[in-house]
Each structure stands twice: as C-alpha cells, then as structure tokens.
Amino acid sequence: MADITFDPRKVFHYGFVVPNMDRALKTWTQQGARLVVPPAIDPAQNVSCALLIYLDSVPIELVAPLRDGPNPVASRLAKGGGLDHVCLFSDSLEDDVAKLEADGAMVVVAPCYGAVFKRRLAFVVTRAGLVVELMTRATVEGAEGDPLAPLNGWG
C-alpha cells in the first residue's frame, strides 16, 4: 500500500456516520480501507471515532454513537447515516470560525478539545448546509503522542 502524505492546507478527512463501529470497520476494511487511527472515544461528543484511508487516497473518519446518552450524530443516523462533514485544518481556530460566521455560518460546536486526534476543533454549518469541522494542525500542548504520527510526513 502507498504511504499517504497529507497536505495540511487541504481537506484532512470526510466524516462518515455509522450506527456500529465494529461492523463498519469490518465492511470498510474488506472494501480496501486501511485503519490508521483505531477507534477511540470522544467523551465530549459521546461518540467513537476511527480514521481510515480508503483505496490509498481518501481519508475517512468513521463516527459512531456510544450506546447511552445524547450525541451529535443521532439526527444523521435517523436519516440513514453516511457522509456527514468535511474536516479542514486550521492554524487559528477562533479566527477561522469567526470568518465562517461572518459569511453566515452557524457554530454548532464551539472550539473545544477533541480527544480522538488530541487537537482543538469546532463545527460550523455553512449557509449552503455544509457541516465543516475545523481542526488545529498541532496537538494540544501537553498531549502525549500524536494519533496522526503513523501518517507519512507527520509527527
């Protein structure tokens, strides 16, 4: 398999909502995806997330709800799951969120810590209806290890 080098000026991943992480991982890997970051829990969002590289080219984040409690993917699952968001890297999370807000976007998750990738993140919905996750390029200060280090050119 080819190594993937991410250009942090571009899209980091596409988020794909699934009802069950174990079943989804089995299906995606049988169809050629390579697991890069194994499932991990984001307690703030009440979801489990994993990162795959699909067909050596497309980064896909699988997002599955935890069994109990509210989560931000319930409405997407009610519509059948599937493609949910695009994640872009950010050098200044607050500035980038403010720019999107100035263009009419609505913040749905204010800047916060994202436990799975150990970076700060935020979610906005654009006027066109696109859900955009913004994520800092660097891990938060004091975080041990970088889950993205296995990717060529990182860490």
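These legends describe close-up views of a predicted protein model.

**Figure 1. The whole protein chain has three helices and eight strands.** Read along the sequence, the pattern is β-α-β-β-β-α-β-α-β-β-β. The C-alpha trace spans about 45 × 35 × 30 Å along its principal axes. The protein chain has a radius of gyration of 15 Å, which agrees with the value near 15 Å for a compact globule with 155 residues. Take contacts between residues at least 6 apart in sequence: 55% of them join residues at least 24 apart.

**Figure 2. The protein chain has both a buried part and an exposed surface.** Of its 155 residues, 41% count as buried. The chain exposes about 8,300 Å². Carbon and sulfur atoms supply 54% of that area.

**Figure 3. The largest nonpolar core holds 17 residues.** Phe12, Val37, Leu51, Phe117, Leu148 and Leu151 touch the most other members. Four strands each supply at least two residues of this core: E1 (11-17), E2 (33-42), E3 (47-54) and E5 (82-90). The largest share, four residues, comes from E3. In soluble globular proteins, nonpolar side chains tend to be buried together.

**Figure 4. Val37 is one of the core residues that touch the most other members.** Which residues does Val37 touch, not counting those up to four places away in sequence? They are Ala50, Leu51, Phe117, Pro147 and Leu148. Leu51, Phe117 and Leu148 are also among the core residues that touch the most other members.

**Figure 5. A second nonpolar core is separate from the largest one.** This core has 11 residues. Val18, Met21, Ala24 and Ala64 are among them.

**Figure 6. Ser90 lies in strand E5.** Is Ser90 buried or exposed? Ser90 counts as buried because its relative accessibility is 2%, and the cut-off for buried is under 20%. The Ser90 side chain reaches the backbone nitrogen of Ser92 at 3.2 Å. Leaving aside neighbours within four places in sequence, Ser90 is in contact with Asp96, Leu134, Met135, Thr136 and Arg137.

**Figure 7. Leu66 sits in the loop between strand E4 (58-65) and helix H2 (74-78).** Its relative accessible area is 24%, so Leu66 is partly exposed. Which residues is Leu66 in contact with, leaving aside its neighbours within four places in sequence? They are Ile41, Asn46, Val47 and Ser48. Arg34 is 32 residues from Leu66 along the chain. The C-alpha atoms of these two residues are separated by 23 Å.

Definitions and conventions:
Residues are numbered from 1 along each chain as its sequence is written. This is a predicted model: local features need pLDDT of at least 70, side-chain atom pairs count only at pLDDT 80 or more; totals for chains, interfaces and linings use all residues. Side-chain values use heavy atoms; hydrogens and water are left out. A nonpolar core is a set of buried Ala, Val, Leu, Ile, Met, Phe, Trp, Tyr and Cys residues joined through side-chain atoms within 4.5 Å. Buried means under 20% relative accessible area, exposed over 50%, partly exposed in between (1.4 Å probe, protein chains only). Contact means heavy atoms within 4.5 Å. A polar contact is a pair of N or O atoms within 3.5 Å; within protein, one must be able to donate a hydrogen and the other to accept it, and residues adjacent in sequence count only if both atoms are side-chain atoms. The radius of gyration is taken over C-alpha atoms; the globule rule is 2.2 Å times the number of residues to the power 0.38. Accessible areas come from the Shrake-Rupley method with a 1.4 Å probe; for residues, only the protein chains shown count as cover.
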